[in-house]
Amino acid sequence: MKKTFKVSGMMCAHCEQRVSNALTQMDGMKQVQADAKAGTVVCEFDEAKITADQIRTAIEEVGYDVVEG
């Protein structure tokens, strides 16, 4: 499954990397593309192993707010 999350608080490449690192460690995550300028995180994942809620929680745990998705 591919899903886009609108995320506030990402401002630079370091922010993108922080989110990407947290998400790529999750079992079932296939691909992550964080874009600070657009305020989005696009995830491709195996929905049999991971849920959108778990992804949302992981983004919030590293300090960013998921405003949609």
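The count of salt bridges in this structure comes to one. The model is predicted. Four strands form an open sheet, and helices H1 and H2 both feature below. The briefing starts with side chains, then turns to the sheet and its helices.

**Charges and rings**

- Aspartate 53 and arginine 56 form a salt bridge. Their closest N and O atoms are 2.2 Å apart. A salt bridge here needs a side-chain nitrogen of Lys or Arg within 4 Å of a carboxyl oxygen of Asp or Glu.
- Both partners belong to helix H2, which covers residues 52–61. Aspartate 53 and arginine 56 are three residues apart there, so about one helical turn separates them.
- Lysine 3 has its charged end over the ring of phenylalanine 5. The distance to the ring centre is 5.7 Å.
- The number of aromatic pairs is zero.

**The sheet**

- The strand order is E2-E3-E1-E4, and the pairing is antiparallel.
- Strand E2 (29–35) and strand E4 (65–68) are the edge strands. Each of them pairs on one side only.
- On average, neighbouring strands of this sheet are turned by 35 degrees against each other, direction ignored.
- Strand E3 spans residues 40–45. E2 and E3 pair over six bridges, in the antiparallel sense.
- Glutamine 33 has valine 42, in E3, as its bridge partner.

**Helices on the sheet**

- Helix H1 packs on the sheet and touches E2 and E3. The direction of H1 makes about 165 degrees with that of E2.
- Helix H2 also packs on the sheet. H2 touches E1, E2, E3 and E4. Its direction makes about 30 degrees with that of E1.

**Two residues to find**

- Serine 20 lies in helix H1, which runs over residues 13–24. Is serine 20 buried or exposed? Serine 20 counts as buried, because its relative accessibility is 13% and the cut-off for buried is under 20%.
- Serine 20 touches Val32 and Ala34, leaving aside residues up to four places away in sequence.
- Methionine 11 sits in the loop between strand E1 (2–8) and H1. Its relative accessible area is 74%, so methionine 11 is exposed. Exposed means over 50%.
- How far apart in space are methionine 11 and glutamine 31? The distance is 21 Å, C-alpha to C-alpha. In sequence, methionine 11 and glutamine 31 are 20 residues apart.

Key. Residues are numbered from 1 along each chain as its sequence is written. This is a predicted model: local features need pLDDT of at least 70, side-chain atom pairs count only at pLDDT 80 or more; totals for chains, interfaces and linings use all residues. Side-chain values use heavy atoms; hydrogens and water are left out. Rings of Phe, Tyr and Trp (its six-membered ring) pair if their centres lie within 6.5 Å; planes under 30 degrees apart count as stacked, over 60 as edge-to-face and the rest as tilted. A charge sits over a ring if NZ of Lys or CZ of Arg is within 6 Å of the ring centre and within 35 degrees of the ring normal. Helices (H or I, at least four residues) and strands (E, at least two) are DSSP runs, numbered from the N terminus. Buried means under 20% relative accessible area, exposed over 50%, partly exposed in between (1.4 Å probe, protein chains only). Contact means heavy atoms within 4.5 Å. Two strands pair if DSSP finds at least two bridges between them. Axes are lines fitted to C-alpha atoms, for helices over the stretch in contact, and angles run from 0 to 180 degrees between N-to-C directions.
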